[in-house]
Amino acid sequence: MKKSLIALALVGAFAAPAFAAEEAAPASEHTITGNLGLFSSYRFRGIEQTWGKPAIQGGFDYAHSSGFYLGNWNSNVSEWAGYPGGSIEMDFYGGYKTSFGDYGLDVGGLYYYYPGTDLAGKTVKNGELYVGVSWKFLSLKYSYAVTDYFNATDSKGSSYLDLSGAYDLGDGWGVNGHVGHLNFKNYSDGSYTDWKLGVTKDVGGYVFGLSYIDTNADKGFYTLTNGSTGDSKNLAKGTAVLSVSKTF
């Protein structure tokens, strides 16, 4: 009886790893994630997009193990922030990412589309190519407009340089910062520098955030008028933004 038990134990010891190996599913080459967030206002490169109203934003990302990726991201916008007749921003992007230890490389393209808009008889849009590099918690990204920059005449070749950082403090806390500069081709009054400082807290997978965003943009260039109320607003003025978001 004792010998039988020992034999069974030995069989089990040798059989278990083989069984586990058979049961283990191979890692997938494909990854799909989604994201959803609610923000007190939407700022794009420091400029107000929702006329001070809240924004709901979300999208999805597909990534292949080779490094190639595709994605879509969407947000509500205000027609008085430069998108007459429109209320939605739709972004479509794709590219390639790779890493070398603590260093990363990201190259790709991004197309901004605002369905329903009519600016001088054309739908508002913008196409950009970008290249980014990263080191640990820091990243630097250069974007170049291959179309007129959001329909501004003769603005093809505008560029944006973005230096960002996000640092994990532990226990769900994080801090982030950003400084960027827009070179608005043929519109010197439209060029500016923007910056952001923020803090985040992860609570059960929900990330709560508070940030302050400001610019040195020309007030006259970025002051627009609400056609329904007649009120004017400096869209480049500094503001605090509250948010909650989740990735799934």
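The nonpolar core and the salt bridges of this structure are described below. The model is predicted, so that local features need pLDDT of at least 70 and side-chain atom pairs count only at pLDDT 80 or more, while totals for chains, interfaces and linings use all residues. Residues are numbered from 1 along each chain as its sequence is written, and side-chain values use heavy atoms, with hydrogens and water left out.

The largest nonpolar core (buried Ala, Val, Leu, Ile, Met, Phe, Trp, Tyr and Cys residues joined through side-chain atoms within 4.5 Å) has 28 residues. Those with the most contacts inside this core are Tyr114, Tyr149, Phe150, Leu182 and Tyr222. At least two core residues come from each of β5 (68-76) and β7 (103-113); strands are DSSP runs (E, at least two residues), numbered from the N terminus. Beyond its neighbours within four places in sequence, Tyr222 is in contact (heavy atoms within 4.5 Å) with residues including Ile47, Leu182, Phe184 and Tyr192.

Two salt bridges (a side-chain nitrogen of Lys or Arg within 4 Å of a carboxyl oxygen of Asp or Glu) are present. In one, the closest N and O atoms of Glu48 and Arg43 are 3.6 Å apart. Both Glu48 and Arg43 are buried (under 20% relative accessible area, 1.4 Å probe, protein chains only). In the other, Glu128 pairs with Arg45 at 2.9 Å between the closest N and O atoms. Glu128 lies in strand β8 (residues 125-135) and Arg45 in the loop between β2 (43-44) and β3 (47-48), so the pair ties together parts that are 83 residues apart in sequence. Arg45 is buried, with a relative accessible area of 12%, and Glu128 is buried as well.

Technical notes: Buried means under 20% relative accessible area, exposed over 50%, partly exposed in between (1.4 Å probe, protein chains only). Helices (H or I, at least four residues) and strands (E, at least two) are DSSP runs, numbered from the N terminus.
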